Amino acid sequence: MSRTLEEVQATIQIAKLKENDLQNTIHCLTFGESVSSGDYCLMELDDTLCKHIEAGKSLVIRGDQDERAVLCSEDKTYDLKIADTSNLLLLVPGCLTPDQLTTDNQASSQLVHAQIWGFSNSYWELRKRHPKLKKLKRLLMENPYEGPVISGQEDVTEGKVLINSTRLYPERLLMENPYEGPGISGQEDVTEGKYTMGDLLERIQASEEELEAQLQTIHACEVNGYWRLLDFDYEMKLLGHITQLVDSESWSFSKVPLRVSLEELGRLEPQEMIEQSLNCYGRRYTDNDEVFFALNEDKVCRATAQMLLQNAAKFHLAEFQEVWQQSVPDGMGTRLDQLKSLALVDRSSKPETISLLRVEDLPEDTLERFTHLFTIRQKWTEEDITPYIQDLCGEKQTTGALLTKYARLSTQNGMKVFNSRRLVAT
């Protein structure tokens with residue numbers, strides 16, 4: 001039975017409240033016939049996500065069964081955590097908050113009846129977080145792209161040479177890879193270990209924008225509708241074709257013409273792969289309606305260093321620097337600062353050494369990352385450890401704050417170093 005306005009006013013008097021201190025519109029709430037706390041889940045949204053929903057856009061919960069669920073918008077990822085409250089939260093459709101009520105001065109109070117559809121003692125709380133992207137590379141490495149296999153044609157290009165009207169090559173070069181019959185077709189028909197964008201969005205805990213950015217970062221490309229990670233040796237072969245063409249044509253590294261590059265190298269590799277390599281290692285621009293690329297010296301030198309370092313556990317630093325400089329294209333210069341987050345220099349050893357240590361191979365969890373780093377090296381300088389923890393920083397968080405929380409500062413031979421706050425097995 002619904003209350004009348006007179007009954008409500010009598011209750012206000014019993015509670016010793018002044019009616020003038022209250023809103024003129026009074027909501028009278030009643031429970032429906034079948035109300036359950038398990039029928040609804042409440043979620044607290046900030047202004048950005050509220051506008052996102054109000055604009056008709058969606059939020060997606062992502063995660064496999066063995067993962068903690070995250071919520072994703074188009075461009076951000078959030079942790080989902082349950083927050084308990086001692087107050088009973090009521091779900092009342094059509095209920096107006098004070099700021100939604102009319103501001104005109106009503107002569108008398110009015111009564112609005114509303115029915116409760118559900119209630120809860122908890123709600124989902126969202127906290128912005130870094131996307132979980134390590135799984136992406138692991139999935140794509142199940143079937144890396146090593147180049148095309150075309151029915152009736154060879155897929156191996158190593159040892160082959162390009163002949164055009166301006167250059168002739170001796171027979172000795174042509175015999176490096178003699179023709180031995182057609183290759184085997186059907187390799188690229190296999191879909192096992194291949195993923196479309198839809199597949200990746202189902203498996204990776206990241207927003208679509210963050211996922212697309214990471215695909216670009218790891219040099220993945222779309223081949224026949226599937227996103228593929230280039231095999232590193234194949235990626236370096238593509239880059240080698242480009243740098244050799246630049247050298248043979250005496251082009252500037254800052255002005256590599258796309259059209260000519262595709263025409264010349266399209267006989268060796270698919271044109272889309274040549275353009276993919278230029279996009280990975282260069283900056284695209286247009287001059288007089290023609291597309292050019294400016295090769296990035298740091299990226300080319302870094303990739304060359306990775307190619308050298310992955311073949312040995314450690315290098316003598318001086319020997320490595322000499323071989324590295326000899327391996328990059330003429331006109332490019334190598335510097336150790338190009339190898340931040342890729343290689344680790346040990347200056348305490350005699351002679352000094354360098355080894356491969358890629359940040360993408362380290363754990364995503366902050367505590368696990370620090371534990372792993374202190375397992376590799378007991379004491380770190382701030383300069384050495386910063387590239388390996390930079391990606392862990394949240395909004396308005398610095399590497400200094402992370403080091404304060406997870407490491408202990410000390411002095412060794414007059415130099416500030418950081419070691420673990422916890423006992424770490426080495």
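In which sense, left-handed or right-handed, does α7 pass α10? The question is taken up below, after an outline of the chain and its sheet.

The structure is a predicted model. The protein chain contains 14 helices and 16 strands. Of its 426 residues, 37% count as buried. About 26200 Å² of the protein chain is exposed, and 47% of this area is supplied by carbon and sulfur atoms. Among contacts in the protein chain with a separation of 6 or more, 66% are accounted for by residues 24 or more positions apart.

An open sheet is formed by 4 strands, arranged in the order β2-β3-β4-β6, with antiparallel pairing. The edges are occupied by β2 (60-62) and β6 (118-129); each has a single partner strand, so one side of each is left without a neighbour in the sheet. On average, neighbouring strands of this sheet are turned by 45° against each other, direction ignored. The partner of β6 is β4 (residues 77-91), and the two strands pair in the antiparallel sense over 11 bridges. Within this pairing, Ala83 has Tyr123 of β6 as its bridge partner.

Helix α7 spans residues 232-249 and helix α10 spans residues 297-309. Their axes come within 11 Å and cross at roughly 135°. An angle from 115 to 145 degrees falls outside the parallel, antiparallel and perpendicular ranges, and therefore α7 is oblique to α10. The crossing in which α7 passes α10 is left-handed. On the α7 side, the contact is made by Phe232, Met236 and Leu239. On the α10 side, Val300, Ala303, Thr304, Gln306 and Met307 take part.

Notes. Residues are numbered from 1 along each chain as its sequence is written. This is a predicted model: local features need pLDDT of at least 70, side-chain atom pairs count only at pLDDT 80 or more; totals for chains, interfaces and linings use all residues. Side-chain values use heavy atoms; hydrogens and water are left out. Buried means under 20% relative accessible area, exposed over 50%, partly exposed in between (1.4 Å probe, protein chains only). Contact means heavy atoms within 4.5 Å. Accessible areas come from the Shrake-Rupley method with a 1.4 Å probe; for residues, only the protein chains shown count as cover. Two strands pair if DSSP finds at least two bridges between them. Axes are lines fitted to C-alpha atoms, for helices over the stretch in contact, and angles run from 0 to 180 degrees between N-to-C directions. Angles under 35 degrees count as roughly parallel, over 145 as roughly antiparallel, 65 to 115 as roughly perpendicular and the rest as oblique. A crossing is left-handed if the near helix is turned anticlockwise from the far one by less than a right angle, and right-handed if clockwise.
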